[in-house]
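Reader: Please take a close look at one part of this model, chain B. I would like its fold, its packing and its contact with the neighbouring chain in one connected account.

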Amino acid sequence: MNNKSIVIDGKNVPFEDGQTIMQAATAAGIYIPHLCHNPDFTPHGSCKLCTVKVNGRNCSACTFPASEGQNITNVTKELNDDREKITQMLFVEGNHFCPSCEKTGNCNLQAVAYHLGMTDNHFPHFFENREVDASHPDVMIDHNRCIFCTLCVRASQQEDGKNVFAISGRGIEKRLIVNSESGLLKDSDLDVNDCAAHICPTGAILIKRTGYKVPIGQRIFDHAHIDTVTLANEGASHDE
Amino acid sequence: MTNKKVKVATVSLAGCFGCHMSFLDLDERLVELVEHVEFDRSPLTDIEHCSSDCDIGLIEGGVCNSENVHVLREFRKNCKILVAVGACAINGGLPAMRNHISLEDCLNEAYRDGIGVENAQIPNDVELPLLLDKVHPLHEVVKIDYFLPGCPPSADVFWKFLTDLLAGREPSLNYELVHFD
């Protein structure tokens with residue numbers, strides 16, 4: 001044990017060398033909103049929802065190393081307003097029609113929006129034309145719902161020992177691509193039991209024929225807040 | 001404090017009337033509600049145009065044709081508080097799923113090439129409002145003051161929202177009342 005600590009919203013939080021702010025916070029039972037972060041994989045730092053103020057400067061908590069002397073703010077109106085705007089931008093950039101999505105109620109994007117008190121999308125919608133790849137017998141990709149968090153990319157490489165997914169293009173041209181001759185999921189080596197098939201925080205990658213096994217109204221975030229759910233899941237996996 | 005009733009107008013634009021049906025799920029609470037509000041333009045009254053002094057406008061559905069735009073503007077002009085009710089009003093919802101198909105293809109599929117279509121022709125009567133190229137959420141056309149998410153929002157959402165407003169409180173929905181589905 002050591003006595004090193006950082007301060008998050010006025011509370012002393014112990015950390016060990018090498019830990020990120022996110023890891024220290026989660027271990028201490030403090031929720032920092034995030035979408036692209038998952039403690040099982042290398043942090044990506046792209047969704048920016050976990051932005052906190054470290055000694056007055058904005059930093060991504062999932063990538064920023066904890067170190068002595070950090071005074072961090074996490075739950076402030078300013079930061080949560082920024083997080084809400086980021087979430088609204090994700091909603092208008094893709095096509096997120098929750099009532100017709102199998103993932104509704106189990107969706108982290110939706111749950112983060114609930115957490116932030118978001119009731120509208122604020123910005124004009126892109127209504128971008130995005131494809132659905134239903135070629136694989138057991139798994140489908142609905143690109144309308146992809147938020148480019150790269151969790152499937154990382155899970156395929158780091159957990160499954162494969163290389164099924166990648167992000168191609170930049171900015172508004174960015175899209176999820178599949179590593180196969182035809183570009184279709186059916187010709188890739190993705191298996192339904194792969195971690196990458198189950199890691200998607202939204203409804204972009206779905207397992208076929210399972211979507212309504214749990215009825216709407218009885219799903220994870222229908223009654224439980226994402227902060228409680230996340231700390232229970234990610235706190236535990238971090239302590240392993 | 002006068003006992004003047006609060007004027008509420010409602011309309012369904014590119015919606016399915018599901019939000020209105022959910023509103024009617026207030027059931028016996030409607031009796032208490034009409035002690036405090038009177039309905040102006042609404043499918044419930046069949047009044048065709050908003051009075052100029054409406055307090056609250058509840059709009060279901062997005063904007064899919066020229067008439068929707070006119071009606072929405074009429075509501076904005078005449079209602080002090082304008083509320084987007086339900087998923088379609090907030091993000092276009094199910095009707096907006098036509099947005100990635102060209103309008104020409106939509107019309108051809110429905111009225112010309114579809115299975116079982118007889119006397120195939122694209123409806124073109126002058127009485128018919130012209131379809132917009134895309135379906136839009138309300139906030140892209142006029143300023144919206146409040147949003148009630150849900151498909152549909154439950155009767156409890158309407159009740160909490162309206163009773164908050166009637167009591168002079170800033171409306172707030174707790175976690176259980178906010179659903180995008």
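**Chain B at close range**

Author: In this predicted model, 79% of the contacts in chain B with a separation of 6 or more join residues 24 or more positions apart. Next, the elements. Chain B has 6 helices and 7 strands. Read from the N terminus, they follow the order β-α-α-β-β-β-α-β-α-α-β-β-α. The radius of gyration of chain B is 18 Å, and the globule rule gives 16 Å for 181 residues; the two are close, so chain B is as compact as a globular protein of that length. Along the principal axes, the C-alpha atoms of chain B occupy a box of roughly 60 × 35 × 30 Å. Buried residues make up 37% of the 181 in chain B.

Now the contact with chain A. Chain B supplies 22 residues and chain A supplies 17 residues. On the chain B side, helix H4 (residues 87-91) gives the most, with 3 residues. By class, that side of chain B has 13 nonpolar, 6 polar and 3 charged residues.

Across the contact, chain A has a sheet to set beside this. Its 5 strands form an open sheet with mixed pairing, in the order E2-E1-E5-E3-E4. Strand E2 (11-14) and strand E4 (57-60) of chain A are the edge strands, each pairing on one side only. From one strand to the next, the twist averages 40 degrees. Strand E1 (residues 5-8) of chain A pairs with E2(A) in the antiparallel sense, over 4 bridges. Opposite Ser5(A) stands Pro14(A), in E2(A).

Definitions and conventions: Residues numbered from 1 in each chain as written. Chains lettered and ligands numbered in written order. Predicted model: local features only at pLDDT ≥ 70, side-chain atom pairs only at ≥ 80, totals over all residues. Contact = placed C-beta atoms within 7 Å. Helix = DSSP H or I, 4+ residues; strand = E, 2+ residues; numbered from the N terminus. Nonpolar A, V, L, I, M, F, W, Y, C, P; charged D, E, K, R; others polar. Pairing = 2+ DSSP bridges. Axes fitted to C-alpha atoms, helices over the stretch in contact; angles between N-to-C directions. Rg over C-alpha atoms; globule rule 2.2 N^0.38 Å. Buried ≥ 20, exposed ≤ 12 C-beta atoms within 10 Å, placed from the backbone.
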